[in-house]
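Let's take a walk through this protein together. Have the sequence and the 3D view ready, and follow along as we go.

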Amino acid sequence: MAFYQAEKEAGMVARWLDEVVIGENLCPFASLPRRQGRVDICVSDATDDDTLVTDFMTALGRILDTPAEQLETILLVVPNLYPDFFDYNDSLAMLETAIRLSGAEGEVQLASFHPGYCFDGEPEDDPANYTNRSPFPIYHLLRELSVEQALRGVDDPDAIPLRNIAYLRAMPPAKFAALFPERGTGK
């Protein structure tokens with residue numbers, strides 16, 4: 001296993017999770033598992049696809065083998081691989097295949113976050129992209145059952161990303177710069 005103790009990277013991701021994702025309510029379902037200590041931030045030292053897949057499979061095994069009451073979700077942080085968003089985006093198919101081949105399709109789903117995340121057709125500096133921008137490339141492993149349970153109480157789950165995009169686009173530049181200091185105002 002190539003996970004390593006990386007306090008700086010894990011700390012930056014924890015800050016982003018607490019201040020941006022939860023603090024700005026971009027994901028209305030993240031707060032409870034985070035408060036309960038059921039969100040794991042794992043930092044991988046992967047610099048190649050083989051190591052990434054090995055670390056991903058280790059994380060996948062952990063989430064499948066651990067009760068949701070103890071571990072709800074895993075953020076697999078990969079600071080040394082895929083600095084280019086489009087290369088990162090291409091890697092998602094490889095990990096989706098790993099989920100399918102492991103037999104975990106329908107049990108675990110994958111969400112993606114990247115420092116250069118860019119929605120198709122949007123300018124790179126559009127604040128909308130920051131709904132999925134993170135300090136490092138992150139592969140987010142989520143339990144499908146938990147996602148289904150969380151969405152039961154939501155009338156229009158498709159409205160969440162649209163609300164987030166509108167919210168970040170309307171955010172005052174000073175607040176935006178405070179949330180994303182390494183990126184400036186983004187406007």
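Start by finding phenylalanine 56. If you skip its neighbours within four places in sequence, Phe56 is in contact with Leu76, Leu95, Ala98, Ile99, Leu110 and Leu141. Keep in mind as you look around that this is a predicted model.

Now zoom out a little. Phe56 is part of the largest nonpolar core, a set of 26 residues. Along with Leu52, Leu60, Leu76, Tyr139 and Leu141, Phe56 is listed among those with the most contacts inside that core. Where do the core residues come from? At least two are supplied by each of α3 (49-65), β2 (73-77), α4 (85-102), β3 (108-113) and β4 (138-143). Helix α4 gives the most, with six residues. There's another core too, lying apart from this one: it has 24 residues, including Ala6, Ile22, Phe136 and Leu179.

To get a feel for distances, pick out alanine 59, which sits in helix α3. Is Ala59 buried or exposed? With a relative accessible area of 0%, Ala59 counts as buried, because the cut-off for that is under 20%. Now look across to leucine 179, one of the residues of the other core. From Ala59 to Leu179 you move 120 residues along the sequence and, C-alpha to C-alpha, 28 Å through space.

Next stop: strand β1, residues 39-43. Five of its five residues are buried, so the rest of the structure largely encloses this strand. You can check both faces: Val39, Ile41 and Val43 are buried on one side, and Asp40 and Cys42 are buried on the other. What does β1 pair with? Its partner is β2, in the parallel sense, over five bridges. As a landmark, look for valine 43, which stands opposite valine 77 in β2. Put helix α3 into the picture as well, and you have a right-handed β-α-β unit made of β1, α3 and β2.

Finally, head over to helix α6, residues 159-170. At 1.5 Å a residue, its twelve residues should span 16 Å, and the end C-alpha atoms are indeed 16 Å apart, which agrees. Which of its residues are tucked away? Ile160, Asn164, Ile165 and Leu168 are buried. Look down the axis of α6 and you'll see its buried residues fall within an arc of 135°, so they line one face of the helix. That buried set packs against α7 (173-179). Over on the other side of α6, Leu162 and Ala170 are exposed.

Conventions. Residues numbered from 1 in each chain as written. Predicted model: local features only at pLDDT ≥ 70, side-chain atom pairs only at ≥ 80, totals over all residues. Heavy atoms only, no water. Core = buried A, V, L, I, M, F, W, Y, C linked by side-chain atoms within 4.5 Å. Buried < 20%, exposed > 50% of the residue type's maximum accessible area, 1.4 Å probe, protein only. Helix = DSSP H or I, 4+ residues; strand = E, 2+ residues; numbered from the N terminus. Contact = heavy atoms within 4.5 Å. Pairing = 2+ DSSP bridges. Right-handed = clockwise from strand over helix to strand, strands pointing away. Expected span 1.5 Å × (residues − 1). Arc of directions from axis to C-beta.
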